[in-house]
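Student: I have a structure to go through, and I want the reasoning behind each label. Can we take it term by term?

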Amino acid sequence: MLRSQQRGVLPGFRLTLGYTLLYLSLIVIIPLAATFVKSSELSWAQFSQTVFSPPALAAYRLSFGASFLAAAVNAIFGFIVAWVLVRYDFFGKQFVDALVDLPFALPTAVAGITLATLYAPNGWLGGWLAPFGIKVSYTQLGIFIALTFIGLPFIVRTVQPVLADLDSELEEAAASLGANRWQAFWRVIFPMLSPALLTGFSLAFARALGEYGSVVFISSNIPMKTQIVPLLIMGELDGFHLARATALAVVMLVISFLLLLAINLLQWWSNRYNATNPA
Amino acid sequence: MVEQPLQRNQPGMIDDAKINAPRRMSEPPFVRRLLIAVALGFIALFLVVPLVSVFAEALRQGLGFYFQTLRDPMTVSAIELTLIAAGISVPLNCLFGVAAAWTIAKFDFPGKNILLTLIDLPFSISPVISGMIYVLIFGAQGWFGPWLIEHNIRIIFAVPGIVLATMFVTFPFVARELIPLMQAQGRTEEEAARVLGANGWQTFWRVTLPNIKWGLLYGVILCNARAMGEFGAVSVVSGRIQGQTNTIPLHVQILYENNNIPGAFAVASLLTLLALVTLALKTWVEYNTTGLRGTAFTPLPLKKEPNRKLA
């Protein structure tokens with residue numbers, strides 16, 4: 001009762017809330033719920049046979065391993081890119097800053113065929129690696145490259161604003177108390193950036209787990225070898241094995257929700273940790 | 001936006017704040033140069049080389065072949081379908097974004113944080129699953145499958161399915177830009193307009209909309225880029241029938257799999273140009289505003305509100 005009086009003079013609460021909930025339910029909630037309902041039609045034996053089958057287990061291992069490695073490589077290089085963009089001036093800085101978002105803006109299919117061609121044994125980069133016996137396209141290494149490409153912006157864009165808002169007084173205090181530059185970085189600056197870095201890492205990891213378009217071209221899609229989970233689900237769908245696809249999708253959805261929860265907690269921690277970040 | 005020239009030999013000139021700073025406040029020049037080199041090298045290898053190679057591969061067979069591929073009826077029909085899918089999903093998600101932002105930013109109600117999380121949900125779901133959920137509902141083996149077949153309505157492997165999948169993956173884009181913006185603006189201006197006698201629509205058109213126009217434009221740019229470029233989700237529901245259910249990204253795949261590599265890259269170059277235009281527009285909007293940083297491109301969870309105490 002109290003609340004409805006409090007809404008005061010602005011109109012449209014019922015209309016906009018009603019429309020928001022209706023549209024959200026129709027497009028997102030009901031279709032997602034359908035996945036869980038459909039999977040409950042499977043018996044436990046059928047469900048576990050699908051989600052714990054050897055190709056599925058190999059796909060989880062590859063998906064998690066490649067996504068983790070790609071996010072880790074991005075954490076290192078993304079951090080350096082963010083640092084350079086915030087702290088230094090150099091020719092073409094604005095251009096580089098805008099270009100960082102390319103993996104978001106470029107459709108994944110384009111990224112996929114481009115990377116597959118570049119790293120093919122006769123491609124610009126693959127041809128250069130071939131004499132050393134390094135094969136990238138159609139191997140697990142190729143999947144890692146594609147996942148690194150799509151994950152780069154997450155780290156840069158989460159670390160960059162926090163680094164820009166960092167209070168320089170703390171660095172000055174460290175320097176005046178006798179810390180050298182490396183000590184000031186490692187003991188003062190880095191701990192303040194670590195929540196943002198971890199958040200960026202989780203976002204890149206979560207995105208890589210679900211990635212399909214950029215991987216499908218560079219992976220040879222061989223079960224047990226170069227098949228990540230989204231490719232496995234796609235294979236089941238193409239074979240009209242809807243029940244098996246649904247079971248695998250439920251596993252991935254649960255993992256995604258857990259990651260989303262973790263990212264929310266990290267974000268909350270990050271906001272609390274950095275008082276300079278407007279809460 | 002003036003580019004700063006390289007200032008290698010003038011360490012004191014780097015910026016005003018550092019002129020008087022003690023030496024220990026900044027890295028030695030060689031460390032600085034090394035870090036810039038590593039960052040630029042990584043960007044060049046992972047972003048610039050692929051970008052250049054798209055156009056190099058597209059023009060490998062010459063301009064004649066390039067334009068011939070783009071004029072091909074199958075390419076034209078893919079472009080048309082992409083425009084239809086984006087033309088329906090972007091305005092609908094725009095309307096949703098404005099409604100959701102209005103209700104979340106201008107009113108207090110319980111469960112707001114859950115609503116914020118649900119709006120973000122499509123970002124954390126694999127594109128393959130985003131397409132699959134509609135197959136489970138409208139596909140031949142799905143909930144409404146038998147009924148739809150009986151009435152001869154096609155959703156999956158037809159245009160409506162493509163539109164639905166596009167709507168799902170671009171669902172949060174506009175809402176995510178507008179919610180933080182409108183939350184920051186508060187409700188006092190609208191309340192003043194109402195007290196001065198404006199009705200609801202007048203308040204929205206004359207007060208709210210001018211305040212959110214940049215944020216709305218920004219959301220639309222990002223939403224459109226994703227809508228036109230979506231591949232995984234659309235690929236599940238399309239069936240890839242050339243000339244009928246083929247979007248531009250799916251056409252790229254068909255050409256590539258048929259070993260028409262220059263053709264695939266010619267069509268892909270259209271999407272690459274779209275990406276470059278998107279980045280340019282995005283940078284331009286950011287330049288004209290403060291605080292817009294692409295919350296849809298970097299899907300950090302939207303900030304939760306602490307539970308407000310009743311006044």
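Student: How many salt bridges does the structure hold over all chains?

Tutor: This is a predicted model. The structure holds 16 salt bridges, counted over all chains.

Student: What makes A:Asp101 and A:Arg157 a salt bridge?

Tutor: Their side chains meet at 3.2 Å, N to O. The cut-off is 4 Å between a side-chain nitrogen of Lys or Arg and a carboxyl oxygen of Asp or Glu, so the pair qualifies. Side chains of opposite charge can pair when their charged atoms come close.

Student: Which parts of chain A does that pair link?

Tutor: Distant ones, 56 residues apart. A:Asp101 lies in the loop between helix H5 (93–99) and H6 of chain A. A:Arg157 belongs to helix H9, residues 140–165, of the chain.

Student: How do you know that B:Lys282 and A:Asp101 form a salt bridge?

Tutor: The N to O distance is 2.6 Å. That falls within the 4 Å limit, and Lys supplies the nitrogen while Asp supplies the oxygen, so the name fits. The count between chain B and chain A is 2 salt bridges. A:Asp101 thus has a partner in chain B, B:Lys282, and one in chain A, A:Arg157.

Student: What else joins chain B and chain A across the interface?

Tutor: There are 11 residue pairs in polar contact, with both residues at pLDDT 80 or more. Helix H2 of chain B, residues 29–58, gives the largest share of the side that touches chain A, 20 residues. That side of chain B divides into 70 nonpolar, 18 polar and 17 charged residues.

Student: How many residues of each chain are in contact?

Tutor: For chain B it is 105, and they touch 107 residues of chain A. The area buried between the two chains is about 9800 Å². Carbon and sulfur atoms give 75% of that area.

Student: What is the secondary structure of chain A?

Tutor: Chain A comes to 14 helices and 0 strands. Its C-alpha atoms fill a box of roughly 75 × 65 × 35 Å along the principal axes.

Student: Why is a space in this structure called a cavity and not a pocket?

Tutor: A 1.4 Å probe fits in a cavity but cannot get out, whereas a pocket is open, so the closed spaces take the name cavity. The structure holds 2 cavities of 30 Å³ or more. The largest has a volume of about 710 Å³.

Student: Which residues are closest to the centre of the largest cavity?

Tutor: Of its 42 lining residues, the closest are A:Phe154, A:Arg207, B:Phe123, B:Arg226 and B:Pro299. H14(A) gives the largest share of the lining, 6 residues. By class, the lining has 27 nonpolar, 9 polar and 6 charged residues.

Student: What lines the second largest cavity?

Tutor: Its volume is about 30 Å³. The lining residues include B:Thr82, B:Ile162, B:Met228 and B:Glu230. Helix H4 (73–106), helix H8 (159–170) and H11 of chain B each give two or more residues.

Student: How does that lining divide by class?

Tutor: It has 6 nonpolar, 3 polar and 1 charged residues. B:Glu230 is in the lining, and Glu counts as charged, so B:Glu230 belongs to the charged class.

Key
Residues numbered from 1 in each chain as written. Chains lettered and ligands numbered in written order. Heavy atoms only, no water. 1 Å grid on protein atoms, 1.4 Å probe; cavity = no way out; pocket = protein on both sides within 12 Å on 5 of 7 lines; lining within 4 Å. Points joined across faces, edges and corners; volume = space filled by probe spheres on them. Helix = DSSP H or I, 4+ residues; strand = E, 2+ residues; numbered from the N terminus. Contact = heavy atoms within 4.5 Å. Buried area = accessible area lost by both parts, 1.4 Å probe. Polar contact = N/O pair within 3.5 Å; in protein donor to acceptor, adjacent residues only side chain to side chain.
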